[in-house]
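Here is a brisk report on one protein model. Read it with the sequence and the coordinates open.

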Amino acid sequence: MLLVHKARDYRIVMSNNLIQTGILPELTVFEYRVFMYIVSCIKPVAPNVPVQSALENSFEISFLCDVLGIAPDGRNYSRIKKAVKSLRDKSEWVANSDKETTISILSKCTICKGSGTVSYRFDEDIVPYLFGLC
């Protein structure tokens, strides 16, 4: 239970530009809560280590249920699965000087059915909005 309380206190650091891109306002409240959790799991990267090593992470669905204060049952398993897929599917156009590029939050998601572990990879184009900000 101590880990759950600690996870609820994780800091969430992201660029204001990410909020302004239009991706986050399109999220449902539940998708936003899942997004905030996965962003809070980003750990600082050492100066000599490439950011790409921090793009992949995972969590257990039952632990996320505890953090969110919801029952770890089949209904919420499906809700989390749907929310993660939605985070993978959403994209938005972002203007960079003389060009526009689509960015997504996640580029890949995998759920291990036996363990209930969700593995995910952040889209490389979202790196400037989430990494190296503090």
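## Helix packing

Helices α3 and α5 pack with their axes 9 Å apart, at an angle of about 75 degrees. The two helices are therefore roughly perpendicular to each other. On the α3 side, the contact is made by Phe30, Glu31, Val34, Phe35 and Ile38. On the α5 side, Arg79, Ile80, Ala83, Val84, Ser86 and Leu87 take part. By class, this contact has 8 nonpolar, 1 polar and 2 charged residues. The model is predicted.

Helix α5 also packs against α4. Here the angle is about 95 degrees and the axes are 10 Å apart. That makes α4 roughly perpendicular to α5. From α4 come Ile61, Leu64 and Cys65, which meet Asn76, Tyr77 and Ile80 of α5. The residues of this contact divide into 5 nonpolar, 1 polar and no charged.

The table sets out the two helix pairs.

| Helix pair | Angle | Axis separation |
|---|---|---|
| α3 and α5 | about 75 degrees | 9 Å |
| α4 and α5 | about 95 degrees | 10 Å |

## Overall layout

The protein chain has 6 helices and 5 strands. From the N terminus on, the elements run α-α-α-β-α-α-β-β-β-β-α. The chain has 134 residues, of which 40% count as buried. Take the contacts between residues at least 6 apart in sequence: 61% of them join residues at least 24 apart.

## The nonpolar core

In soluble globular proteins, nonpolar side chains tend to be buried together. The largest nonpolar core in this model has 36 residues. Which members touch the most others? They are Phe35, Ile38, Phe59 and Phe122. At least two core residues come from each of α3 (29-40), α4 (61-68), α5 (74-89), β5 (117-122) and α6 (127-130). Helix α3 gives the most, with 7 residues.

Ile38 shows how the core is joined up. Setting aside neighbours within four places in sequence, Ile38 is in contact with Phe59, Leu87, Leu106, Tyr120 and Phe122. Ile38 is also one of the α3 residues that make the contact with α5.

Leu64 is another residue to inspect. Leu64 is found in helix α4. Is Leu64 buried or exposed? At 0% relative accessibility, Leu64 counts as buried. Beyond neighbours within four places in sequence, its contacts are Val34, Tyr37, Phe59 and Ile80. Leu64 and Val34 are 30 residues apart in sequence, yet their C-alpha atoms are 8.1 Å apart in space. Val34 belongs to the α3 side of the contact with α5. Ile80 is among the α5 residues that meet α4.

## Salt bridges

How many salt bridges does the model hold? The count comes to 4 salt bridges.

One of them joins the side chains of Lys90 and Glu31, at 3.9 Å from N to O. Lys90 lies in the loop between α5 and β2 (91-96) and Glu31 in helix α3, so the pair ties together parts that are 59 residues apart in sequence. Lys90 has 18% relative accessibility and counts as buried. Glu31 is buried as well, with a relative accessible area of 9%. Glu31 is also listed in the contact of α3 with α5.

Asp89 and Lys85 form another salt bridge, with their closest N and O atoms 2.5 Å apart. Both sit in helix α5, 4 residues apart, so about one helical turn separates them. Asp89 is partly exposed, at 44% relative accessibility. Lys85 is exposed, with a relative accessible area of 51%. The cut-off for exposed is over 50%.

Arg121 forms a salt bridge with Glu124, and the closest N and O atoms are 3.1 Å apart. Glu124 counts as partly exposed, at 47% relative accessibility. Which residues are linked in a network of salt bridges? Glu56, Arg121 and Glu124 are.

## Recap

Helix α5 packs roughly perpendicular to α3. Helix α4 is likewise roughly perpendicular to α5. The largest nonpolar core draws on α3, α4 and α5, among other elements. Lys90 and Glu31 add a salt bridge between the loop after α5 and helix α3.

Note on methods: Residues numbered from 1 in each chain as written. Predicted model: local features only at pLDDT ≥ 70, side-chain atom pairs only at ≥ 80, totals over all residues. Heavy atoms only, no water. Core = buried A, V, L, I, M, F, W, Y, C linked by side-chain atoms within 4.5 Å. Buried < 20%, exposed > 50% of the residue type's maximum accessible area, 1.4 Å probe, protein only. Contact = heavy atoms within 4.5 Å. Axes fitted to C-alpha atoms, helices over the stretch in contact; angles between N-to-C directions. Parallel < 35°, antiparallel > 145°, perpendicular 65-115°, else oblique. Nonpolar A, V, L, I, M, F, W, Y, C, P; charged D, E, K, R; others polar.
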